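Work through the exercises below with the sequence and the 3D structure at hand. Each task is followed by a solution in steps.

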Amino acid sequence: MNIKELAAHLGLSQTTVSRVMNDSATEYRIAADTQQRVLEAAASLNYEPNAFARGLRKKRSFTLGVMVPEISEGYAATVLAGIGESLLQEKYFYFVVSHRHRPELLRSYPRLLLSRAVEGIIAVDTPVREELPVPIIAVSGNSRKNGILTIELDHETAARYALSHLFDLGHRKIAFIKGQSFSADTSARWAGIRKACSALGIRIRPALVVQLEGNEPGSQPGYVATRKLLTQGGQFSAIFAFNDISAIGAIIALHEAGISVPAKVSVIGFDDISSASTNNPALTTVRQPLYEMGRTAASTLLRQIREGGSARRPESILVSPCLIKRRSTDRAPH
């Protein structure tokens, strides 16, 4: 059934039916009982508005693209949840593509999304290296290039919170698990760590610094990095991990080596993903508001689409972290 037939069935104009089905009834003061009649008839007669035709009329697709490194528990999944919630409220459809940091996909996906008529793109921890004819919002990842607005964490404050917590607990020999070289947050977070260590008088020992390798999701990279720390022979009483997933892998490796957490070694993570609070022990972590960052990215992109080039845009939106203290950190052993 098309809208003309539905309108004839109800004895209403096509315009009235269209406004009800497109959630514009209140704006045009269509009576509540008329709205109810239209919705009940549409449901019983299996009528669905033609989104493609609507887009053609308005020269809009009401569709966005979202690029993420991977779809698994952790950073990207939580940001994506916030994006999805915001876009659902605005009745936008969206495509999600995961690239696993493969260069050929990073090159092809933006154009592939454009071929699907997306009105804008959200890049989550994903570099966008070329200028595109649609607005782009980055959740980390673009260093304020190409006119892309970036939603980013205050990494200096985050590092200071984590290291001050360990310092106050008496930890001086701290090991660090850096992020993978392809992650947009790695260099910014490491710069924040170096600055915080300098301010606190904490020496960064090369033997106590390892880097996550590979793009495998889950805790395995953190497990491997911690095994490497243990074989290098350096003595440490705490580990500051790049993210919660790698911190959980670190705890598994420490337990296998007979090192209790936090009695012998404290571990602190980053992000505050859902499993951080249920891990054993529950993970002390620096929380970044990933869900809200996703919502902000979506709402900001939609505002840019509606305003076009008329509004002056900031280069970045800085968000604040907070420290969540749980049972994986304790006083340094004597």
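The exercises that follow concern the cavities of this predicted model.

**Exercise 1.** Find how many cavities of 30 Å³ or more the structure holds, and give the volume of the largest cavity.

Solution. Start with the count: two cavities reach 30 Å³ or more. Then take the largest cavity, which holds about 460 Å³ of space.

**Exercise 2.** Describe the lining of the largest cavity: which residues lie nearest its centre, and which helices contribute?

Solution. Step one is the residue list. The lining has 29 residues, and E70, Y75, D125, Q180 and N243 lie nearest the centre. Step two is the helices. At least two lining residues come from each of helix 5 (75-89), helix 8 (184-200), helix 9 (220-232) and helix 10 (244-256). Helix 10 gives the most, namely three residues. Step three is the chemical character: 10 lining residues are nonpolar, 11 are polar and eight are charged.

**Exercise 3.** Repeat the description for the second largest cavity, giving its volume and its lining.

Solution. First, the volume of the second largest cavity is about 80 Å³. Next, its lining consists of F176, I177, K178, G179, T186, R189, W190, I193, F240, A241 and F242. Strand 6 (174-178), helix 8 and strand 8 (238-241) each supply at least two of the lining residues. The largest share belongs to helix 8, with four residues. Last, sort the lining by character: seven residues are nonpolar, two are polar and two are charged.

**Exercise 4.** Name a helix that supplies at least two lining residues to each of the two cavities.

Solution. Helix 8 is listed for the largest cavity. Helix 8 is also listed for the second largest cavity.

Conventions
Residues are numbered from 1 along each chain as its sequence is written. This is a predicted model: local features need pLDDT of at least 70, side-chain atom pairs count only at pLDDT 80 or more; totals for chains, interfaces and linings use all residues. Side-chain values use heavy atoms; hydrogens and water are left out. On a 1 Å grid over the protein atoms alone, a cavity is a set of points where a 1.4 Å probe fits but cannot get out, and a pocket is an open set with protein on both sides within 12 Å along at least five of seven lines; lining residues have an atom within 4 Å of a point. Grid points are joined across faces, edges and corners, and a volume is the space filled by probe spheres set on the points. Ala, Val, Leu, Ile, Met, Phe, Trp, Tyr, Cys and Pro count as nonpolar, Asp, Glu, Lys and Arg as charged, and the others, Gly among them, as polar.
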